[in-house]
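Got your viewer open and a cartoon view on screen? Let's take a walk through this fold, one selection at a time.

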Amino acid sequence: RCDIVDFRRHDGALRVAHDAAAIEFQTGTSSRRIFFSFPDRSATTAEQDTPGLSSARIRSASFAIEAWENDQKPVLNGIPLPLDDYEVSRAIAISADDRMAVIGTEWSVRAYDRFGKQLWRTRTSGVVWQVVPSEDGRTIVAALSDGTIRWLRAEDGMEYLALYVHPESLQWIAWTPRGYYVASDYGD
């Protein structure tokens, strides 16, 4: 029995509200979905997709991304994207405004413009299995192999929030890089 969510799915398993204040994710290979709302400070199970949430957009008229899935040499609009040696691309998403493509890798989240110029890079504590930009263009939500979900500012990649939800009990804790936190009863 595992106490972390397996985020290795890429087919819309992580869904994000317009302003990234709520998310929904699937718990590994099961069909169980968890909906988390920061305004309500609650984690609940969802029987079906919650309306108003978006998943990663991986196709766009402005971005053609190839060789990104489990590859060390992703290509954006015909331009090879430089990754570190042995760094493997695991997830991609394109922002709603077509301003950037975001790639989740073995140890970072990277943002690129349509010309392949890296806008920013943020190192992570685990493999980035899924990335979803919020539709308002302000946030990138990333699901990691350590069972956490991270919120990054879209403008510079700075992490500002992390969340862990226990997949069975739905106890949760959210924290900032400075150590401030909020949790469910017994979640801390």
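One bit of vocabulary before we start: Ala, Val, Leu, Ile, Met, Phe, Trp, Tyr, Cys and Pro count as nonpolar, Asp, Glu, Lys and Arg count as charged, and the others, Gly among them, count as polar. Also keep in mind that you are looking at a predicted model.

**Stop 1: a cavity**

Select Ser-95, Asp-97, Arg-99, Met-100, Pro-133, Gly-137, Arg-138, Thr-139, Ile-140 and Ala-154, and you have the lining of the largest cavity. Its volume is about 40 Å³. How many cavities of 30 Å³ or more are there? The count comes to 1. Now color the lining by the vocabulary above: the residues divide into 4 nonpolar, 3 polar and 3 charged.

**Stop 2: strand E11**

Next, select residues 108-112, which make up strand E11. Is this strand mostly covered or mostly open? Mostly covered: 5 of its 5 residues are buried. In a regular strand, side chains alternate between the two faces of the sheet. Turn E11 around and check each face: Ser-108, Arg-110 and Tyr-112 lie on one side, while Val-109 and Ala-111 lie on the other, and they are all buried.

**Stop 3: the partners of E11**

Keep E11 on screen and add residues 101-105, strand E10, which pairs with E11 in the antiparallel sense over 4 bridges. Strands of a sheet pair through backbone hydrogen bonds, so it helps to switch the backbone atoms on here. Which residue of E11 is the bridge partner of Ile-103? Pick Arg-110 and you've got it. The two strands E10 and E11 form a hairpin, with 2 residues between them.

Now bring in E12, residues 118-123, which pairs with E11 in the antiparallel sense too, over 5 bridges. Click on Ser-108, and opposite you'll find Arg-123 in E12. The hairpin of E11 and E12 has 5 residues between the strands, and in it Gly-116 takes a positive phi near 85°.

**Stop 4: Thr-105**

Go back to strand E10 and pick Thr-105. Why does Thr-105 count as buried? Because its relative accessible area is 0%, and buried means under 20%. Show what surrounds Thr-105: leaving aside neighbours within four places in sequence, its contacts are Leu-83, Glu-87, Val-88, Ser-89, Arg-90, Gly-126, Val-127 and Val-128.

**Stop 5: two loop residues with positive phi**

Select Asp-98, in the loop between strand E9 (89-94) and E10. Asp-98 isn't a glycine, yet its phi is positive, about 60°. It is buried, with a relative accessible area of 14%.

Then jump to Ala-67, in the loop between strand E6 (65-66) and strand E7 (75-76). Ala-67 is another non-glycine residue with a positive phi, near 55°. This one is partly exposed, at a relative accessible area of 37%.

**Stop 6: a three-strand sheet**

You're already beside E6, so what does it belong to? An open sheet of 3 strands in the order E6-E7-E8, with antiparallel pairing. E6 and strand E8 (79-80) stand at the edges, each with a single partner strand, so one side of each is left without a neighbour in the sheet. Zoom in on E6 and E7, which pair over 2 bridges. Finish by picking Ile-65: opposite stands Leu-76 in E7.

Notes: Residues numbered from 1 in each chain as written. Predicted model: local features only at pLDDT ≥ 70, side-chain atom pairs only at ≥ 80, totals over all residues. Heavy atoms only, no water. Buried < 20%, exposed > 50% of the residue type's maximum accessible area, 1.4 Å probe, protein only. Pairing = 2+ DSSP bridges. 1 Å grid on protein atoms, 1.4 Å probe; cavity = no way out; pocket = protein on both sides within 12 Å on 5 of 7 lines; lining within 4 Å. Points joined across faces, edges and corners; volume = space filled by probe spheres on them. Contact = heavy atoms within 4.5 Å.
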